[in-house]
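Student: Please take one region of this model and go through it slowly, starting with how its helices are arranged. I would like the side-chain contacts and the burial of the residues joined to that picture.

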Amino acid sequence: MTGEVAAPLPAFAVVIVNFGSSTLLREHAASIELPAGGRIIVVDCFSGSREQARVRELAEEHGWTAVLLEENLGFGGGTNAGVARADELGARVVVALNPDARIDAASLRALVTAVQRDPMLLASPTIVGPGGEPWFAGADLYLADGAVRGARARPRFPGADRREWATGACFAISLELWHATGGFDEEYFLYWEDVDLSHRVLDRGGRWALVDATVVHDAGGTQEVVPGRAKSDIYYYYNIRNRLLYAAKHLDEEHVRGWLRTAPRVGLDVLLRGGRRQLVVSIRPWRAYLRALRDGRRLVREHRTARQPHTTRGAVR
């Protein structure tokens, strides 16, 4: 008895953004077995000429499409460039994947098929660590205070005002929905752009769902959260700053004021993801913390001003 023949997939692309991670590309992206109809697009956000040469060589070796940028546009900007190239090459579905993540052919097929069936779907796989430990199985942003919690926390917060979101570590989306949302907002540069994109997907009538697919994520291979391991200044800065940027873009004034009040405490929680010792032996995390709070508050002010109606010179007040 022969097995069921899998339905053909639409043209799709796996988009991977690289920044100084060519070793990870060789380890993970090179192991991807693509179902028919797929291609891999690697975007190099410029970190140096030697690194870009390595990416070019890997692309030639493995048959990837390389998009070699002249500057670092951040995760969002890099993904936007990769999706634009995928669109030019005729892809109808894009799967975004971190360079430190590994996906098998069956999971890749499941993600693409889910989006093929529902072009308004933002699809996520279950993501696990190298030892099989849970890393992502759905997540929510709680609008009252900006807390981010896994989907398993929902029973503890019944009736809370929350938004589902898909982690940028891996998701699948149709080009139709991508264009409807405008893709990633490059003002974030790094972190929270996936929360922002998920928000706009839901606002435009799309939906999010967890698909029967699994990705193995080597958390810590780039800038990811590994409890107790010190993070980079970039990690601290953009996580703290971009929380306030998201609030300024999407929340009403009452929520924005609440998020501003809690920003120092939440920012300290972000620092503590890297452990306490770093906060004693180095001033650098504290500098990133203070810069992020300053710049986040500035962005809130700028967005408030932009939303205010313009008054005619000389108008009666």
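Tutor: The axes of helix α8 (residues 253-272) and helix α10 (residues 284-307) come within 10 Å and cross at roughly 165 degrees, where an axis is a line fitted to C-alpha atoms over the stretch in contact and the angle, from 0 to 180 degrees, is taken between N-to-C directions. The two helices, α8 and α10, are therefore roughly antiparallel (over 145 degrees, whereas roughly parallel is under 35, roughly perpendicular 65 to 115 and the rest oblique). The crossing of α8 past α10 is right-handed, a term for a near helix turned clockwise from the far one by less than a right angle, anticlockwise being left-handed. Helices (H or I, at least four residues) and strands (E, at least two) are DSSP runs numbered from the N terminus.

The model is predicted, so local features need pLDDT of at least 70 and side-chain atom pairs count only at pLDDT 80 or more, while totals for chains, interfaces and linings use all residues. Residues are numbered from 1 along each chain as its sequence is written, and side-chain values use heavy atoms, with hydrogens and water left out.

Within α8 sits Leu268, which has a relative accessible area of 31% and is therefore partly exposed (buried is under 20%, exposed over 50% and partly exposed in between, with a 1.4 Å probe and protein chains only). Leu268 joins Ile283 and Trp286 in a nonpolar surface patch, whose members together offer about 250 Å² of accessible area, computed by the Shrake-Rupley method with only the protein chains shown as cover for residues. Patch members have over 30% relative accessible area and no salt bridge, like charges being joined within 9 Å and nonpolar side chains (Val, Leu, Ile, Met, Phe, Trp, Tyr) within 5 Å.

From Leu268 we can move to Ala169, which is 99 residues away in sequence and 24 Å away in space, C-alpha to C-alpha. Ala169 belongs to the loop between β10 (162-165) and β11 (170-174), and with a relative accessible area of 5% Ala169 is buried.

Strand β10 brings us to helix α6 (residues 193-203), a mostly covered helix in which 9 of the 11 residues are buried. The buried residues of α6 include charged ones, among them Glu193, Asp194, Asp196 and Arg200, as well as Val195, Leu197 and Val201. The axes of α6 and helix α7 (residues 233-250) come within 10 Å and cross at roughly 20 degrees. That angle makes α6 roughly parallel to α7, and their crossing is right-handed.

The backbone on either side of α6 also deserves a look. Most residues other than glycine have a negative phi. Tyr191, however, is not a glycine and has a positive phi of about 75 degrees, and Trp192 also has a positive phi, near 75 degrees. Tyr191 lies in the loop between α5 (175-181) and α6, and Trp192 is found in the loop between α5 and α6 as well. Tyr191 is buried at a relative accessible area of 12%, and Trp192 counts as buried at 10%. After α6 comes Gly205, with a positive phi near 85 degrees.

The side-chain contacts connect α6 to the strands. A salt bridge, here a side-chain nitrogen of Lys or Arg within 4 Å of a carboxyl oxygen of Asp or Glu, joins Asp203 and Arg163 at 2.8 Å, N to O. Asp203 is in helix α6 and Arg163 in strand β10, so this pair ties together parts that are 40 residues apart in sequence. Asp203, at 47% relative accessibility, counts as partly exposed.

The whole structure holds 18 salt bridges. One of them has Arg154 facing Asp140, with the closest N and O atoms 2.6 Å apart. Arg154 lies in the loop between β9 (147-150) and β10 and Asp140 in strand β8 (residues 139-142), so this contact ties together parts that are 14 residues apart in sequence. Arg154 is partly exposed at 24% relative accessible area, whereas Asp140 is buried at 0%. Arg154 also meets Glu164 in a salt bridge of 3.3 Å, N to O. Because Arg154 is in the loop between β9 and β10 and Glu164 in strand β10, that pair ties together parts that are 10 residues apart in sequence. Glu164 is partly exposed, with a relative accessible area of 24%. With Arg162 added, Asp140, Arg154 and Glu164 are linked in a network of salt bridges.

Definitions and conventions:
Accessible areas come from the Shrake-Rupley method with a 1.4 Å probe; for residues, only the protein chains shown count as cover.
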